[in-house]
Amino acid sequence: MDPTEKEIEDILNILDDFTKRGESRLKINAADDVPEGQAERLYHLGRCDVGSPWAKGQAFDVLEEKI
């Protein structure tokens with residue numbers, strides 16, 4: 001199935017908005033089970049994997065700080 005002109009325009013608008021915000025990385029996942037037009041933006045510090053236990057603050061190998 002070839003993309004429509006509107007779909008191409010929508011993608012170009014997403015990319016333009018992304019670069020205007022000064023973002024340096026972009027990862028896009030498409031899913032058939034997500035309603036059309038729905039998007040989710042994840043933010044993380046550094047260059048770790050988005051969604052990883054470390055990025056979520058749930059790393060099992062981090063020592064607890066003594067108070």
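**View 1. Gly-22 takes a positive phi just after helix α1.** The phi angle of Gly-22 is about 80 degrees. The model is predicted. Helix α1 itself covers residues 5-20.

**View 2. Helix α1 spans 22 Å from its first C-alpha to its last.** The helix holds 16 residues. Its reach is close to the 22 Å expected at 1.5 Å a residue. The protein chain has one helix and zero strands.

**View 3. A salt bridge joins the side chains of Lys-6 and Asp-10.** The N to O distance is 3.0 Å. That lies within the 4 Å cut-off for a salt bridge. The count for the model comes to one salt bridge. Both residues sit in helix α1. They are four residues apart, about one turn of the helix. An α-helix has 3.6 residues a turn, so residues three or four places apart point the same way. Lys-6 is exposed, because its relative accessible area is 58% and the exposed class begins over 50%. Asp-10 has 34% relative accessibility and counts as partly exposed.

**View 4. Seven side chains are shown here: Ile-8, Ile-11, Leu-12, Ile-14, Leu-15, Leu-26 and Ile-28 make a nonpolar surface patch.** The area of this patch is about 610 Å². Ile-8, one of its members, belongs to helix α1. The relative accessible area of Ile-8 is 36%. Ile-8 is therefore partly exposed, and it passes the patch requirement of over 30%.

**View 5. Negative charge gathers on the surface at Glu-5, Glu-9, Asp-16 and Asp-17.** Among them is Asp-16, a residue of helix α1. Asp-16 counts as partly exposed, with 40% relative accessibility. This value, too, is over the 30% needed for a patch. Asp-10 is also partly exposed, at 34%. Asp-10 takes part in the salt bridge with Lys-6, and patches are made of residues with no salt bridge, so Asp-10 is left out of this one.

**View 6. Lys-27 lies in the segment after α1.** Its relative accessible area is 70%. Lys-27 is exposed, because that value is over 50%. The C-alpha of Lys-27 is separated from that of Arg-41 by 9.7 Å. Along the chain, Lys-27 and Arg-41 are 14 residues apart.

**View 7. The whole protein chain exposes about 7100 Å².** Carbon and sulfur atoms supply 52% of this area. The chain has 67 residues, and buried residues make up 4% of them. Buried here means under 20% relative accessible area.

Key. Residues are numbered from 1 along each chain as its sequence is written. Side-chain values use heavy atoms; hydrogens and water are left out. Helices (H or I, at least four residues) and strands (E, at least two) are DSSP runs, numbered from the N terminus. The expected span of a helix is 1.5 Å times one less than its number of residues. Buried means under 20% relative accessible area, exposed over 50%, partly exposed in between (1.4 Å probe, protein chains only). Patches are made of residues with over 30% relative accessible area and no salt bridge: like charges are joined within 9 Å, nonpolar side chains (Val, Leu, Ile, Met, Phe, Trp, Tyr) within 5 Å. Accessible areas come from the Shrake-Rupley method with a 1.4 Å probe; for residues, only the protein chains shown count as cover. Lys and Arg count as positive and Asp and Glu as negative; His and the chain ends are not counted. The place of a charge is taken as NZ of Lys, CZ of Arg, CG of Asp or CD of Glu.
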